[in-house]
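Work through these exercises with the structure open beside you. Try each task before reading its solution.

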Amino acid sequence: MTTPDADAAQWEPLELEWHGDFAFMVGALLGDESAREIYIMLAPAGKPPLEIAQEASARHFPPSPLCVRQRVWRHRTCPGLLRDSQRDYYLLPQYLARYGYHAVQALPFRFNGILENLSCHYWRDQCSAYWFDDYSVTLMVDVKHQDLALLEPAPAFVSAECALFSDGVNVFLSGKVIANAHDQIRYTNHPAYRVINGQVYRGYQRLHQKDGTPLPIANPDGFRMLARRWGTDGVSIIVQAQQGSSVAYEYFYRIDNADLATFTVLNERYAKDGQRAYYLTGKSIRHMGNFQLLNCRQAEFDEAGRVVSESQYQHEYLAVDDQFVYAAGTRVRGAHGPSFQHLGFDFYRDHQRAYCRNKPLQVDVDSFVVAQLYHAGRDYSPVLVGDRNGPLGSDGVLDEAMQLEWTPFFEAHPQLTDYWWHRLQAQDKAHAALQEDIPARRVIGLGFELGRQVYFHGRPITGLDAASFKLVGEHLCGDVNGLYLIPYHCADRDVPERFSTESVEHFTAFDSTYLSDGKTVYCHRIFYHCPQPILKADIATFVSCGHGWAKDSRAVYYRGQAKKHLDPDNTQILGTYAFNSTLMMFDGKPLDVAFSPEEVSVPHPHFLQLGTRKLFCGRSPVSARRVDLATLVFLDDRHARDKQRFYRYDGHAALTEVSEEDYLLWSDMHLIAAT
């Protein structure tokens with residue numbers, strides 16, 4: 001297209017710099033909005049256009065959406081609009097300042113005639129009206145564009161995104177119809193909320209409860225917001241809550257018994273009155289004394305872990321009163337409110353114990369330290385956490401790497417004495433003074449060697465007893481001081497992690513999932529996580545039933561979790577299935593199928609057969625139209641047969657018919673491989 005003379009006042013020619021299929025405007029790349037995030041990988045800041053274009057072409061990034069090397073115009077009063085011979089384009093407002101390139105959106109319509117700014121992101125031309133936001137241009141429908149104007153009176157605090165416009169027929173919010181022009185509409189003291197015909201709305205929706213039904217409000221005309229998420233109608237407190245975080249479902253509820261005269265909002269999540277405190281999720285707390293948010297310290301450290309500055313702030317989730325500590329509205333068991341304090345990062349203490357978030361730590365609280373070795377210009381500055389017995393989580397099992405990492409901190413804090421680091425220093429000096437011959441190391445497998453000390457991948461480990469140390473399976477080890485998880489994923493820098501203080505001589509493995517230290521039964525579900533204790537298990541009667549199932553005199557367990565609907569006295573466990581007279585379970589969860597215990601059989605650990613009428617693989621029914629269930633038998637883990645056919649099990653949920661020759665060939669191959 002050529003720009004007609006009448007448009008000269010609206011559009012001005014724009015010179016673009018082209019490199020291949022990529023256009024640049026004043027040095028900034030014009031990227032395609034449909035793949036706008038991909039251009040972030042170019043890191044275009046400071047790079048010349050030719051280099052950016054070459055890199056984008058080499059990576060096969062989408063080209064600029066404009067017509068290559070055709071004339072382009074830019075709107076004079078709305079510089080975010082471009083035009084070429086085929087279409088109009090919108091430059092998304094946030095991308096240039098944030099990322100250094102333009103995200104260009106090709107519009108499905110073209111502007112006609114003079115484009116007039118109506119304020120609050122509303123525009124109109126001779127044919128229609130439009131609403132511009134950060135990610136699109138909305139072509140308004142059912143609008144009398146010539147009559148469109150701001151709905152008065154509009155308070156000064158109303159943002160552009162929340163301003164209401166009317167054309168005398170409809171009222172619009174963000175370019176979309178929200179009400180009829182004859183409806184009674186009132187702004188509230190918050191830009192996102194308004195009252196329409198006696199009902200309170202946020203955005204386009206009436207305030208609704210968790211189940212989606214409208215929230216009853218006694219006095220809608222008295223509605224006002226007290227602070228973000230907390231409002232009132234003069235009768236009740238009205239709270240905006242949500243489910244989820246990355247994808248949130250918002251809903252509202254009422255607090256009817258709050259004392260409005262003393263009601264105070266503490267932050268987005270907490271509020272209180274003279275008798276109670278309230279958490280956003282609907283929890284009510286009868287507090288003891290002065291309920292307040294926890295004051296926290298934000299320390300700045302140098303490269304040796306010394307505090308160089310400190311600022312104060314209030315915690316979002318933690319609160320205290322004259323007796324207790326609360327995390328997300330729930331009382332932290334055993335924590336003492338008056339002495340509870342922030343140590344830095346996610347660590348806290350009171351006069352009795354230390355905590356990580358709201359979880360108590362088994363450490364010496366009086367020697368507990370939290371610091372950071374700040375390295376300017378580096379991506380990683382290690383956070384040091386520990387007590388006089390060792391870094392947090394080491395449980396006294398130490399290596400040289402830990403000693404080296406903590407050296408700058410202890411050298412800069414001479415007032416700290418008799419810590420594990422000092423004892424290792426003294427031990428190293430003693431070994432050097434003795435100048436004894438180092439005994440030969442004996443390799444015992446899994447990266448371990450035994451000599452004067454235990455060595456793991458060549459590193460000496462302090463805290464393990466070489467005389468009693470032994471491996472107890474593929475993932476665990478132990479000595480006279482306890483049982484440990486072997487750190488396969490970080491073998492070059494981590495040390496074995498203790499999960500029991502009982503001697504390795506008391507270790508018993510029931511199977512690959514369940515084990516005991518002689519006092520407690522543990523479930524080892526994930527090989528790179530420590531086994532978890534089953535605190536109520538009766539070790540004297542505990543037996544493993546295979547495939548994650550176990551039972552004792554008290555309960556039936558699946559992967560360490562007690563199944564309250566299964567009684568160990570009348571529960572049968574076959575393969576991956578457990579059942580009583582009325583309930584069938586697979587994978588620890590109920591299987592919805594009618595059955596009688598007399599017809600249940602498990603021809604394979606993964607298959608449930610109910611007489612001659614039904615066959616399941618796991619939770620999935622298997623079509624038995626061609627399978628003779630009366631004669632079905634499994635020949636091995638992968639093959640079955642009935643009186644007429646052979647079948648192969650795919651390991652998931654299918655039995656596929658195969659010839660006898662295929663089965664015999666497969667069987668012979670595996671026999672040869674086994675020998």
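**Exercise 1. Find the span of helix α3 in this predicted model, and compare it with the expected span.**

Step 1. Helix α3 covers residues 400–412, which makes 13 residues.
Step 2. The expected span is 1.5 Å times one less than the number of residues. For α3 this comes to 18 Å.
Step 3. From first C-alpha to last, α3 reaches 19 Å, close to the expected value.

**Exercise 2. Locate the kink in α3 and list the buried residues of this helix.**

Step 1. The kink lies at Trp-406 and is about 45°.
Step 2. Look just past Trp-406: the proline Pro-408 follows shortly after the kink.
Step 3. Now check burial. Trp-406 is buried, and so are Met-402, Gln-403, Thr-407, Phe-409, Phe-410 and Ala-412.

**Exercise 3. Which strands stand at the edges of the sheet that contains β17?**

Step 1. Write down the order: β17-β18-β19-β20, an open sheet with antiparallel pairing.
Step 2. β17 (185–187) and β20 (205–206) each have a single partner strand, so they stand at the edges, with one side left without a neighbour in the sheet.
Step 3. Zoom in on one pair. Three bridges join β17 to β18 (residues 193–196). Tyr-187 has Arg-194 in β18 as its bridge partner.

**Exercise 4. Do the same for the sheet with the order β25-β26-β27-β28.**

Step 1. This open sheet has four strands, and its pairing is antiparallel.
Step 2. The edge strands are β25 (264–265) and β28 (284–285), each pairing on one side only.
Step 3. Between them, β26 (residues 270–272) and β27 (residues 277–279) are joined by three bridges. Lys-272 has Ala-277 in β27 as its bridge partner.

**Exercise 5. How many disulfides does the structure hold?**

Step 1. A disulfide needs two cysteine sulfur atoms within 2.5 Å.
Step 2. Test Cys-127. The nearest cysteine sulfur belongs to Cys-78 and is 17 Å away, so by the 2.5 Å cut-off Cys-127 is in no disulfide.
Step 3. The count for the structure is zero.
Step 4. Compare accessibility. Cys-127 is partly exposed at 45%, while Cys-617 is buried at 3%.

**Exercise 6. Is Leu-583 buried or exposed?**

Step 1. Find Leu-583 in the loop between β58 (577–579) and β59 (584–586).
Step 2. Its relative accessible area is 18%. Buried means under 20%, so Leu-583 counts as buried.
Step 3. List its contacts beyond four places in sequence: His-565, Leu-566, Ala-578, Pro-590 and Phe-595.
Step 4. Finally, take Pro-382, 201 residues away along the chain. The C-alpha atoms of Leu-583 and Pro-382 are separated by 52 Å.

Methods:
Residues are numbered from 1 along each chain as its sequence is written. This is a predicted model: local features need pLDDT of at least 70, side-chain atom pairs count only at pLDDT 80 or more; totals for chains, interfaces and linings use all residues. Side-chain values use heavy atoms; hydrogens and water are left out. Two strands pair if DSSP finds at least two bridges between them. Helices (H or I, at least four residues) and strands (E, at least two) are DSSP runs, numbered from the N terminus. The bend at a residue is the angle between axes fitted to the seven residues ending there and the seven starting there. Buried means under 20% relative accessible area, exposed over 50%, partly exposed in between (1.4 Å probe, protein chains only). Contact means heavy atoms within 4.5 Å.
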